[in-house]
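Hi,

Here is the structure I promised to pass on. Have a look at it first, and my notes follow underneath.

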Amino acid sequence: MNPEFLVAIAGFVMITVVVGLTRILWGPGDADRVMAAQLLGTGGIGALLLVGAAVGESAVVDVALTLALLAAFASIAFVKFMAHKDRPQTSDEGES
């Protein structure tokens, strides 16, 4: 495929990610903000993979895969945090 086309598509993906950034900044709730952050990670991964394919550099693909792994862990951490935050505390949990 044409490398210029791949870089142009990567630029378009990053523009959509910037539009999604508004949801992170002004999202109505925590879940909306985390979903927008996931969009940011997914768009970044997609753009890195497109640029890596355009320039033929395998290290860029490694960075994209690492970012995907970190994004998955961030989602799990958010779900665990929200589950802990929503759980009512009993009288013996708060005492130490």
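**What I found**

Let's start with Asp62: it counts as partly exposed because its relative accessibility is 47%, where partly exposed is the range between buried (under 20% relative accessible area) and exposed (over 50%), with a 1.4 Å probe and protein chains only. Asp62 sits in helix α3, and its C-alpha is 9.1 Å from that of Leu49, 13 residues away along the chain.

Before you read on, a word on the basis: this is a predicted model, with local features needing pLDDT of at least 70 and side-chain atom pairs counting only at pLDDT 80 or more, while totals for chains, interfaces and linings use all residues. Residues are numbered from 1 along each chain as its sequence is written, and side-chain values use heavy atoms, leaving out hydrogens and water.

How confident is the predictor? The protein chain has a mean pLDDT of 83, with 92% of its residues at 70 or more; pLDDT is the predictor's confidence in each residue, from 0 to 100. Among the elements, α1 has the highest mean, 87, and α3 (residues 58-86) the lowest, 84. Helices here are DSSP runs (H or I, at least four residues), numbered from the N terminus.

Now α1, which covers residues 3-26: its 24 residues reach 35 Å from first C-alpha to last, close to the expected 34 Å. That expected span is 1.5 Å times one less than the number of residues. Leu6, Ala10, Val17 and Gly20 are the buried residues of α1, and α2 (30-55) is part of what covers them.

As for α2, its 26 residues reach 37 Å between the first and last C-alpha, close to the 38 Å expected. Its buried residues include several glycines, among them Gly41, Gly43 and Gly44. Thr42 is in α2 too, but counts as exposed because its relative accessibility is 51%. The C-alpha atoms of Thr42 and Val17 are 8.8 Å apart, with their positions 25 residues apart along the chain. After α2 comes Gly56, with a positive phi near 75°.

One last thing to look for on the surface: which residues make the nonpolar patch of about 430 Å²? They are Leu21, Leu25, Trp26 and Leu40. The largest share, three residues, comes from α1, while Leu40 lies in α2 and is partly exposed because its relative accessibility is 38%.

Over to you!

Conventions. Helix = DSSP H or I, 4+ residues; strand = E, 2+ residues; numbered from the N terminus. Contact = heavy atoms within 4.5 Å. Patch = residues over 30% accessible without salt bridge, like charges linked within 9 Å, V, L, I, M, F, W, Y side chains within 5 Å. Areas by Shrake-Rupley, 256 points an atom, 1.4 Å probe, with all protein chains shown as cover. Salt bridge = Lys/Arg side-chain N within 4 Å of Asp/Glu carboxyl O.
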